[in-house]
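I opened this structure to see how its strands are arranged and what one part of its surface is made of. My notes follow in the order in which I looked things up.

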Amino acid sequence: EEYTYSCEYDGEERVTWTSSDINILEIDNNGNAIAKKEGIVEITVSIYDSSAKFTIEVVKYKFNGSLIGPNEVKVGNKIKLEKENFSDLFFYTLKVSDENLAKISQDGTFEALKRGTVVIYACSENGQMYELKKIKILEKDFIIVIEGPNIVNKGDRFVINASTNTK
């Protein structure tokens, strides 16, 4: 992640920023910093003959986003999942684990295509994938029709057929 730090002062003297470990956090003299890896650094800002220090801890990013909505959807149905706690600072692409079973649009519209279970992920720009939700896709509602005789004689042989209104 990139950050900008600022320092207000009266004068024309140049501000100098330094990091105790540029492998963890690098900062330029305009206060623009980039966190490179996990760790703790001490940042020093110097103006004239004075300086001040502060500590920054670079931590592994913890994604707190989630999708709100049902955990089961029937084939053929579309639902709108609500995004919760998605940071405005980062761009995430929503993806499903199996696009043969379901589709998801970036606004959270989920479409169930075939029976099964899918996982929805938020994928960050740097390729990190965060599991958001599992959805079980159930068979759509259908009617079973049974065809065959209602009365038979002892010893009769016959066939009973069952069919549904699904394709």
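**Entry 1: the four-stranded sheet**

I looked up the strand order first and found an open sheet of four strands, β8-β15-β14-β11, whose pairing is mixed. I noted the edges next: β8 (72-74) and β11 (92-96) each have a single partner strand, so one side of each has no neighbour in the sheet. On average, neighbouring strands here are turned by 30° against each other, with direction ignored. I should keep in mind that I am reading a predicted model.

I then took the pair at one end of that order. Strand β15 covers residues 129-138, and three bridges link it to β8 in the parallel sense. Which residue of β15 does K74 face? K74 stands opposite L138.

**Entry 2: the three-stranded sheet**

I found another open sheet, this one of three strands in the order β2-β5-β6, with antiparallel pairing. Its edge strands are β2 (16-19) and β6, and each of them pairs on one side only. The average turn between neighbouring strands of this sheet, direction ignored, is 20°.

How many bridges join β5 to β6? I read nine, between residues 39-47 of β5 and residues 50-58 of β6, and the two strands run antiparallel. I wrote down two of the facing positions. E42 has T55 of β6 opposite it, and V45 has A52 of β6 as its bridge partner.

I followed the chain from β5 into β6 as well. The two strands form a hairpin, and two residues lie between them. In the turn I checked Y48, which has a positive phi of about 55°.

**Entry 3: a nonpolar patch**

I turned to the surface. Which residues make the nonpolar patch? I listed F142, I144, I146, V152, F158 and I160, and together they give a patch of about 600 Å².

I picked F158 for a closer look. F158 sits in the loop that runs between β16 (144-147) and β17 (161-164). Its relative accessible area is 41%, so I recorded F158 as partly exposed. The cut-off for joining a patch is over 30% relative accessible area, and F158 at 41% is partly exposed.

Conventions:
Residues are numbered from 1 along each chain as its sequence is written. This is a predicted model: local features need pLDDT of at least 70, side-chain atom pairs count only at pLDDT 80 or more; totals for chains, interfaces and linings use all residues. Side-chain values use heavy atoms; hydrogens and water are left out. Patches are made of residues with over 30% relative accessible area and no salt bridge: like charges are joined within 9 Å, nonpolar side chains (Val, Leu, Ile, Met, Phe, Trp, Tyr) within 5 Å. Accessible areas come from the Shrake-Rupley method with a 1.4 Å probe; for residues, only the protein chains shown count as cover. A salt bridge is a side-chain nitrogen of Lys or Arg within 4 Å of a carboxyl oxygen of Asp or Glu. Buried means under 20% relative accessible area, exposed over 50%, partly exposed in between (1.4 Å probe, protein chains only). Two strands pair if DSSP finds at least two bridges between them. Axes are lines fitted to C-alpha atoms, for helices over the stretch in contact, and angles run from 0 to 180 degrees between N-to-C directions.
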